[in-house]
Amino acid sequence: MSFAEPLRLAAALLVPVAALLWAVERRRRRKFAVRHASAAVIGSVAAAAPAWRRRLPPALFAAAAVALAIALARPQATLAVPVERASVMLVTDESGSMLAQDVKPSRLEAIQGAARSFMDRVPDRLLVGFAGYSATVQSLVEPTTEHDTVRSAIDALHAEGGTATGDALTAALDRLEARRAKDGKVAPAAVVLLSDGATTVGSDPLRAAARAAKLHIPIFTVALGTADGTVTGPQGEATAVPPDPETLRQVAARSGATAFTVSDADELDRIYEHLGSRIGTRKEQREVSAAFAAGGLALLLGGLGTGLRWRSRLA
């Protein structure tokens, strides 16, 4: 927590000063009472007024004063708030290697399930686009709040062909760069790339990552699969299709994002949940003076109420 007017916190110093004056006044009253009242009267009054009842109202007043002093200093808290008109592009590999079943029921089906979970968690106001690719970009959805359109594209993924990760990232960045805020800058955006293997055709994905860094568009990458993954070749032979986590890690790092490596669908679901909360919100300083002012008022009323009820006076 921070304060917009930290010097005003000095008002809280009045609390110990007031407490000291109150204690001095109580001591003076006791001396006066001992001087002019009988021991029996003093004993009966002391018995009728438990110590905690005498101390509670002043304690509530002190707490109220501190809360109001904090409110006066305009406290600010860092909160995660929805990003208006932010957008994210899901870039999903649907090359032939996605048929590997080292992730059950298959890599492609695991990614489809996780992508659906992601769509269920993102804020309604978040613009979501989609790019499915193999040797070329097979399907492309412009960022939209009509999330059912993206869900339909996810459902239509079909694994075949090579892997053109660089071309797919370029297509996604083209869509995001075209979206500008009122000040002319690129609107808040991010890319989530899911791929299981090395690029086999097309442009270098690291070049796309460097462009993303200049645009301040992070590319979160998820490498799916295990080193033992295989697919059946045209002659019925088993062809190894290991993931390429190192290249995807470099793409993420160069763009200023995070790389993930997963081997099962459940872990992929958790990553999507994490990404959904990060992409859909941003950290913002919000003033919370009203909360402290309300708390101070409640404590002040509490002190007044207990003082009047138990002692018919405030001190």
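Strand 4 (residues 127–133) and strand 5 pair in the antiparallel sense, held over 5 bridges; pairing here takes at least two bridges found by DSSP between two strands. Helices (H or I, at least four residues) and strands (E, at least two) are DSSP runs, counted from the N terminus. In this pair, Val 128 sits opposite Thr 144 of strand 5. The model is a predicted one, in which local features need pLDDT of at least 70 and side-chain atom pairs count only at pLDDT 80 or more, while totals for chains, interfaces and linings use all residues. Residues are numbered from 1 along each chain as its sequence is written, and side-chain values use heavy atoms, with hydrogens and water left out.

The two strands belong to an open sheet of 6 strands, in the order 5-4-3-6-7-10 and with mixed pairing. Strand 5 (137–144) and strand 10 (259–262) are at the edges with a single partner strand each, so one side of each has no neighbour in the sheet. On average, neighbouring strands of this sheet are turned by 15° against each other, direction ignored. Axes, by the way, are lines fitted to C-alpha atoms, for helices over the stretch in contact, and angles run from 0 to 180 degrees between N-to-C directions. Helix 8 (residues 245–255) packs on the sheet, where it touches strand 6 (189–195), strand 7 (219–224) and strand 10, and its direction makes about 170° with that of strand 7. Contact, or touching, means heavy atoms within 4.5 Å.

Moving along the sheet, strand 3 (residues 87–93) and strand 6 run parallel and are joined by 6 bridges, with Val 88 opposite Ala 190 in strand 6. Strand 6 also runs parallel to strand 7, through 5 bridges; here Ser 195 faces Ala 223 in strand 7. How many of the 7 residues of strand 6 are buried? The count is 7 of the 7, so strand 6 is largely enclosed by the rest of the structure. Buried means under 20% relative accessible area, exposed means over 50%, and partly exposed is in between (1.4 Å probe, protein chains only). Both faces of strand 6 are covered, with Ala 189, Val 191, Leu 193 and Ser 195 buried on one side and Ala 190, Val 192 and Leu 194 buried on the other.

At the edge, strand 10 pairs with strand 7 in the parallel sense over 4 bridges, and Ala 259 of strand 10 is the bridge partner of Thr 221. In a regular strand, side chains alternate between the two faces of the sheet. Strand 10 shows this alternation: Phe 260 and Val 262 point to one face and are buried, whereas Ala 259 and Thr 261 point to the other and are not.

Back in strand 4 lies Ala 131, which counts as buried at 0% relative accessibility. Ala 131 touches Met 89, Leu 90, Val 91, Thr 92, Ser 139 and Leu 140, leaving aside residues up to four places away in sequence. Its C-alpha atom is 6.7 Å from that of Ala 168, although the two are 37 residues apart along the chain. In the loop between strand 4 and strand 5 is Ser 134, also buried, with a relative accessible area of 4%. With residues up to four places away in sequence again set aside, Ser 134 touches Glu 94, Ser 95, Glu 160, Gly 161, Gly 162, Thr 163 and Ala 164.

Now for a helix pair. The axes of helix 4 (residues 107–121) and helix 5 (residues 147–155) come within 10 Å and cross at roughly 175°. That makes the two helices roughly antiparallel, a label for angles over 145 degrees (under 35 is roughly parallel, 65 to 115 roughly perpendicular and the rest oblique). Gln 112, Ala 115, Arg 116, Met 119 and Asp 120 in helix 4 meet His 147, Val 150, Arg 151, Ile 154 and Asp 155 in helix 5.

Two backbone details are left. Most residues other than glycine have a negative phi, and most peptide bonds are trans. Lys 104 and Pro 105 are joined by a cis peptide bond with omega about -5°, and Pro 105 is in the loop between strand 3 and helix 4. His 216, not a glycine, has a positive phi of about 60°. His 216 lies in the loop between helix 7 (205–215) and strand 7 and is exposed, with a relative accessible area of 68%.
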